[in-house]
Amino acid sequence: MRRLLTLLALAAAAAPLAAQDTTKAQDAIRLGIEYRPGTRPGLVVVPGPGMDTLRTMVRRDLDYSDRFEMVMLQDPGSSTSPGPATGTGGVNYGIYKALGAAFAVELSEAPAGVTARLHDLNLSRLRNQQTFTLPAATDPAYRLEVHRLADEIARWASGTDGIAASRILFVSGGRVYRADSDGSDQTPLTPAGQTSLSPVWSPDGQRIAYTQLGAGRGPIQVQTVVNGSTAVVPGTESGLNITPAFSSDGRTLAYAHSDENGTDIFTLKVVDRCCSQRLTVGRFADNLSPTFSPDGRRIAFVSTRAGPPQVYVMAADGTDQELLAPFDYGATGPSNAPEWSPDGANVVFHREVSGSPQLFLVDAAGGRVRQLTSAGRNEDPTWGPDGRHVAFISDRSGRRQIWIIDTETGRVRQLDTPGAARLPSWSRRFGRTAAASNP
Amino acid sequence: MRASSLLMLLSTIAIAVGCGGKKPPEEPAPQPPPTPAPAPAPTDNSADRDRLERERLAKEAADRAKALAADLAAMINFDYDQATIRAPDEATLDRKAAILQANPNVKVRISGHADERGSDEYNLALGNRRAAAAKRYLENKGVDGVRIEVVSYGEERPLNAGHDETAYAQNRRDEFEVTAGGDNLVAPQ
């Protein structure tokens, strides 16, 4: 009760805040779910001749970074809209500044690519300029290169890379699919007719790992994305092997192995294919869903050692196992699917509240728990490369789809998938090498 | 001798009038008077009667085996997020244990299942725990554990596609499948 009062007091103090995770204004009371949006600079992508698709992609990517108030022009193509750049950098600073923009992004065609310019409207000067080589628009690598260009512009303006040049894995109809961060270019990576679950990216984006569920059992497969070749992880040939996770250096794979003695967490050196190590001894309890801290020294995981599943943490060698996300026995709902943030600060997971899973954050030191969602079922969260956005599965639109929430502003958006989607995994930002070998 | 002659005579009459309804007493058959034949035999000779009798016995044996197989395959169910064997299911498992002990060559696979409500991945572990709980119960009743395989489908194979408690209750289950030695099951003593 005291905790509830504290929450009420906090909520009251934070009353004038804007964004909330809700699709309906009349939703139930949301305690501790209010977000405190920072002051975001206005940004406009100025119109220009040609390259409509590219301009639309860049504008959407910058919008989805949630670091800018996007200034939308009424009709970017019409003659009455503020004029395009004239010559090099001839942006009409006054008009865009009057529209509330602090930055103007100018994109113009260049030989074999595009020249991007970022104008600082408050200082009335060109701030950044770079020409990017782009493959042909029909090239499979084209979209990823445009996303990288948008991420670079986001970095110029905000000091932090955007998240556009990244991809999300998910399961639909038993197959693992890959989609761009904006939901486009959905491609199956595993064959039809088999049940694949729990896909995860290797940190370099070159490989994925997943459970291949056969007759109630199955190995962990590691698949090279560029050519589709697969290899069974040593030690997972027998029993049921679930919830793989790479360490951030990509060298170690953790997973859970289920057999008649329960479910326990193992690690092995996945590159060397050796040195399997058992980290938990459940004695008929379940230990699963391991997730490495970015420094590789700790592993958060789910355990049923105290009854319902809850989130624990241990050293990467299995010692010092302790509770991570506090819970009240008999009152707090089951908690599952933890994933450690790329900046190491938080672990996101889902916890049942009144029978529906909701997203929560717990700080990596343990103790402080914060609820992120309240509308519908929200589960299986996965961090974006910026450690700020989280993709998850929600049924708030009526069927299970991928949604992305900005944990700082609470803004949500949906990635449309044709069928029901589940078990997403968001990649790190794709470097140029990964982009080249991951078309 | 006189009686036997009389029987032969009666038999001859029966065949002569083509009556298939009433059976004459059967000399060679070791069994008591049989139940009506499945279909009227156009002729009545001992070879046909033997065949029918063998079929009847085989059917009875098959029915008994089928009943035993059904007992072996009978599902058990679980409470939400629990892997504890419920009291009403103990008799079901006791019957399985008795049949398994009477048929030492039989091997079974127990698959644990969960309803759709819990976390997808956790449900695989939960299903595994449910299958393992049944295996431990059978082992405690004296069945050798090497004969019992444990697998889990989590929530991937619902029995009832509904989204209400009735469906959930049916989907929280262990299924039992005979993987070897399932022919000619012998009833426990």
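This section describes chain B, its interface with chain A, and three individual loop residues. The model is predicted.

Chain B contains five helices and four strands. Along the sequence, these elements are arranged as α-α-β-α-β-α-β-α-β. The chain has 189 residues, of which 33% count as buried. Contacts in chain B were considered at a sequence separation of 6 or more. Of these, 73% join residues 24 or more positions apart. The exposed area of chain B is about 10,700 Å². Carbon and sulfur atoms contribute 56% of that area.

The interface was examined next. The size of an interface is often given as the accessible area lost when the parts come together. For chain B and chain A, the buried area is about 2,200 Å². Carbon and sulfur atoms carry 48% of this area. Within chain B, the greatest losses of area to chain A fall on B:Asp120, B:Glu121 and B:Tyr122. Together these three residues supply 25% of what the chain B side buries. In terms of contacts, 24 residues of chain B meet 32 residues of chain A.

Polar and charged pairings also cross this interface. Five salt bridges are found between chain B and chain A. One links the side chains of A:Arg217 and B:Glu149, with an N to O distance of 2.5 Å. Eleven residue pairs are in polar contact between the two chains, with both residues at pLDDT 80 or more. On the side of chain B that touches chain A, two elements give two or more residues: α4 (120-140) and β3 (148-154) of chain B. The largest share comes from α4(B), with eleven residues. By class, this side of chain B comprises eleven charged, nine nonpolar and four polar residues.

Three loop residues were then considered individually. A:Gly100 sits in the loop that connects α3 (93-98) and β3 (103-110) of chain A. This glycine counts as partly exposed because its relative accessibility is 46%, a value between the limits of 20% and 50%. Leaving aside residues up to four places away in sequence, A:Gly100 touches A:Gly42 and A:Val71. A:Leu43 is 57 residues from A:Gly100 along the chain, yet their C-alpha atoms are separated by 8.1 Å.

The other two residues were selected for their backbone geometry. Most residues other than glycine have a negative phi. A:Arg283 is not a glycine, but its phi is positive, at about 50°. The residue belongs to the loop between β16 (274-278) and β17 (287-292) of chain A. A:Arg283 has a relative accessible area of 66% and is therefore exposed, the cut-off being over 50%.

B:Asp81 likewise is not a glycine and has a positive phi, of about 60°. Its position is in the loop between β1 (76-77) and α3 (87-102) of chain B. B:Asp81 has a relative accessible area of 15%, so this residue is buried, the cut-off being under 20%. The two positive-phi residues thus fall into separate accessibility classes: A:Arg283 is exposed, whereas B:Asp81 is buried.

Terms used: Residues are numbered from 1 along each chain as its sequence is written. Chains are lettered from A and ligands numbered from 1 in the order in which they are written. This is a predicted model: local features need pLDDT of at least 70, side-chain atom pairs count only at pLDDT 80 or more; totals for chains, interfaces and linings use all residues. Side-chain values use heavy atoms; hydrogens and water are left out. Buried means under 20% relative accessible area, exposed over 50%, partly exposed in between (1.4 Å probe, protein chains only). Contact means heavy atoms within 4.5 Å. Accessible areas come from the Shrake-Rupley method with a 1.4 Å probe; for residues, only the protein chains shown count as cover. Buried area is the accessible area (1.4 Å probe) that two parts lose on being put together, summed over both. A salt bridge is a side-chain nitrogen of Lys or Arg within 4 Å of a carboxyl oxygen of Asp or Glu. A polar contact is a pair of N or O atoms within 3.5 Å; within protein, one must be able to donate a hydrogen and the other to accept it, and residues adjacent in sequence count only if both atoms are side-chain atoms. Ala, Val, Leu, Ile, Met, Phe, Trp, Tyr, Cys and Pro count as nonpolar, Asp, Glu, Lys and Arg as charged, and the others, Gly among them, as polar.
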